[in-house]
Amino acid sequence: MPRLAVWKFASCDGCQLTFLDCEDELLSVAARVEIAYFLEASSAPGPGPYDLSLVEGSITTPEDLERIRHVRRVSKRLVTIGACATAGGIQALRDFADVREFAAVVYARPDYIATLDRSTPIAAHVPVDFELRGCPPDKHQLLEVISAFLAGRRPVVPAHSVCVECKARGNACVMVAHGTPCLGPVTQAGCGALCPAFNRGCYGCFGPMESPNHASLNHWMRELGMSTPELVRIYRTYHATAEPFRRAAEEAQGFEEGAG
Amino acid sequence: MTHKTVRIGALTRVEGEGALVVHARDGRIAGLELRIYEPPRFFEAMLRGRGHTEPPDITARVCGICPVAYQMSACQAIEAACGAEVTGPLRDLRLLLYYGEWIESHALHVYLLHAPDFLGYDSGVAMAADHRDLVERGLELKKAGNELVTAIGGRPIHPVNVRVGGFYRAPSRRELAPAAERLRRARDHALATVAWVAGFDFPDVEHDYRFLALRHPSEYAILSGAVGTGDGRAEPAGFAVADWSDHVIEEQVPHSTALHARLDGETGYLTGPLARYALNSARLSPLAREAAAAAGLGPVCRNPYRAIVVRAVEIVHACDEALRLIDGYAEPERPCVPVEPRPGVGHGASEAPRGTLYHRYRLDDGGLVAEADIVPPTAQNQARIEADLRDLLGPRLTLPEDELAALCEKAIRNHDPCISCSAHFLDLRVDHG
């Protein structure tokens, strides 16, 4: 039976929990794979090698730099799940600040804290076979990824924008209908256009789509009344260091400087 | 001199990462450290400079297991800072959402993380090989909670529909109907769960806990209330959430692995199901009270191993109250009340499944967050968990180390520690000599 491992780095546990949230499928998945290593769910971690490793969380400590190399060595296939493992996550906001100052704000004795000054995705350190998006990932996509790797094929996950899902779902466009700023046009699909279905703009928790036109979106966001700091903040949240969102925020800032 | 060190390399079936190191000399405990190596994520620092509407979504990312708790404490703290209040059907919707999280989080802990300890399995999946019907019942219960959160919040992990002031869109009665249908079945499952776990073989242990939990005049407090403290014998003392920092002080102890919260100068109090039950059991729904009585729980439970029974009773209460709220639900006229930012400080506290979660924000003149403070339940329970472990290990140090390690894991798991929530936990190197 193929052997599955689930690993956690800096994160909220939500991506692993997505697996346990597959209430209808969990026992049938467990019948087809040996869940060999999954600390959140089992007290009996089994040794590697593993056929498929699911990795949650970003790299933020010197120890984790070593541990991810170990995980790669013992894994035939390595798939990252979620925004932290795929783009550094919310904790990558430290990349735009001084991490020592951050530590001093939170801890009375920051000298006890061993931490890196950047929060980096797994692919920055080891080869990754597939990256599953989302903060958290969609559970149907997670099941698709697991079954695809077990069957030896590529997972079928769309690379288009949330807008396509919005149209498919029959949502009214929140930007057009209500003037609500929305990252949907530059964000990868996968959630089922959840936020627009609840009358709010997408906040980009699945990260940038394949070829986003953020220059155009920034123009429309400003037309809707967004200030430069608001525009910078909306890109710098859950995928702040993903390249297209990083550029979009920098361009928004540059616009201000150019105008000034 | 005999020297012995018990190590649990990585705690399992808990949320997040931690380890325990015990130093023993001459048959006595010389040092005991519940060691947390969850990397720090600096939420309180990252929140500075964000808009007043942003903390609910951002702090949800502290914990994937109880994001609603973070959203609720954050919303209420910011609303307090801005002088807004959410009442009536919008408050009911918040409670409903929160009940959903309680059901799924408690069901996860009871069935997949905790029950295997009592039945002798390494995991819920392993338990399913012999007790498939039980695990399926647990998963169905968990699903009922997740469906309720999904109906109101959009998805179970990091719901998208919560905003400062209420919701982006209020669900229709029709949208809540399928969740209600499932909840009716879940309530029966919850009652069966209480009867099932009440029959487990519990170690005969009682601790003289000092409890801390929210208290509300008419509700088994979850969403709001004043802070109550006491030992479960005398009438509880209390203080307003806004006075939290006058009573609860977190200290970084140089030779300890975590911040220790002190309550009115004393260390080692307990928050979570045992505390809520001890201070509020009279306000459980009648059905939940009956279930508790039938399970042999008195008005106070001081046996940490029986926390699983209290959790099961709380699932009954959550299902029961959620159904009552759905039955009486009328779609509100507006999905939220306006919350205009203004400079000031706001406090918010609510009962996460594992205990009181306190948030404080200071907003500046521009309506941006100038300071944030988050006190999660696990950080508060840290010192008390260590005290439980000292009591457990003291007379048993001669047992083989693997047995000790297994005993400690079980004792820690009683408290359902959510280590990823521990925004404050340290990554401290320990010198083992």
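How many residues of chain B are in contact with how many residues of chain A? The model is predicted, and in it 71 residues of chain B touch 60 residues of chain A. Together the two chains bury about 5400 Å². Carbon and sulfur atoms account for 60% of that area.

Start with the polar side of this interface. The rule finds 6 salt bridges between chain B and chain A. One pairs A:Glu23 with B:Lys142, whose side chains meet at 2.9 Å, N to O. Polar contacts between the two chains link 25 residue pairs, both partners being at pLDDT 80 or more. Over all chains, the salt-bridge count comes to 38.

Now look at the face that chain B turns to chain A. Several helices of chain B each supply at least two residues to it: helix 1 (43-46), helix 2 (55-60), helix 4 (88-119), helix 5 (124-130), helix 6 (132-153) and helix 13. Which of them gives the most? Helix 6 of chain B does, with 11 residues. By class, the side of chain B that touches chain A holds 33 nonpolar, 16 polar and 22 charged residues.

Helix 6 of chain B has another partner, within its own chain. This helix packs against helix 7 (residues 173-198) of chain B, with the axes 9 Å apart and an angle of about 145°. The crossing is left-handed. On the helix 6 side, the contact residues include B:Leu134, B:Leu141, B:Ala144, B:Leu148 and B:Ile152. Charged names such as B:Arg137, B:Glu140, B:Lys143 and B:Glu147 also appear there. Helix 7 of chain B answers with residues including B:Leu176, B:Ala179, B:Arg182, B:Leu183, B:Ala186, B:His189 and B:Trp196. The residues of this contact divide into 13 nonpolar, 2 polar and 7 charged.

Helix 13 of chain B also has a partner in its own chain. The axes of helix 12 (residues 377-393) and helix 13 (residues 401-413) of chain B come within 10 Å and cross at roughly 145°. Here the crossing is right-handed. Helix 12 of chain B contributes B:Ile385, B:Leu389, B:Leu392 and B:Leu393. From helix 13 of chain B come B:Leu404, B:Leu407, B:Cys408, B:Ala411 and B:Ile412. What classes of residue make this contact? The split is 9 nonpolar, no polar and no charged.

Turn next to the backbone of chain A. Most residues other than glycine have a negative phi, and most peptide bonds are trans. Some sites in chain A depart from that pattern. A:Asp13 is not a glycine, yet its phi is positive, about 80°. The residue sits in the loop between strand 1 (3-8) and helix 1 (14-20) of chain A.

Where are the cis peptide bonds? One runs from A:Gly48 to A:Pro49, with omega near 0°. A:Pro49 belongs to the loop between strand 2 (34-38) and strand 3 (50-56) of chain A. Another cis bond joins A:Cys135 and A:Pro136, where omega is about 5°. A:Pro136 lies in the loop between strand 5 (130-132) and helix 6 (139-151) of chain A.

Finish with a salt bridge inside chain A. A:Asp64 pairs with A:Arg67, the closest N and O atoms being 3.3 Å apart. Both residues lie in helix 3 (residues 62-73) of chain A. They are 3 residues apart, about one turn of the helix.

Technical notes. Residues are numbered from 1 along each chain as its sequence is written. Chains are lettered from A and ligands numbered from 1 in the order in which they are written. This is a predicted model: local features need pLDDT of at least 70, side-chain atom pairs count only at pLDDT 80 or more; totals for chains, interfaces and linings use all residues. Side-chain values use heavy atoms; hydrogens and water are left out. Axes are lines fitted to C-alpha atoms, for helices over the stretch in contact, and angles run from 0 to 180 degrees between N-to-C directions. Helices (H or I, at least four residues) and strands (E, at least two) are DSSP runs, numbered from the N terminus. A crossing is left-handed if the near helix is turned anticlockwise from the far one by less than a right angle, and right-handed if clockwise. Contact means heavy atoms within 4.5 Å. Buried area is the accessible area (1.4 Å probe) that two parts lose on being put together, summed over both. A salt bridge is a side-chain nitrogen of Lys or Arg within 4 Å of a carboxyl oxygen of Asp or Glu. A polar contact is a pair of N or O atoms within 3.5 Å; within protein, one must be able to donate a hydrogen and the other to accept it, and residues adjacent in sequence count only if both atoms are side-chain atoms.
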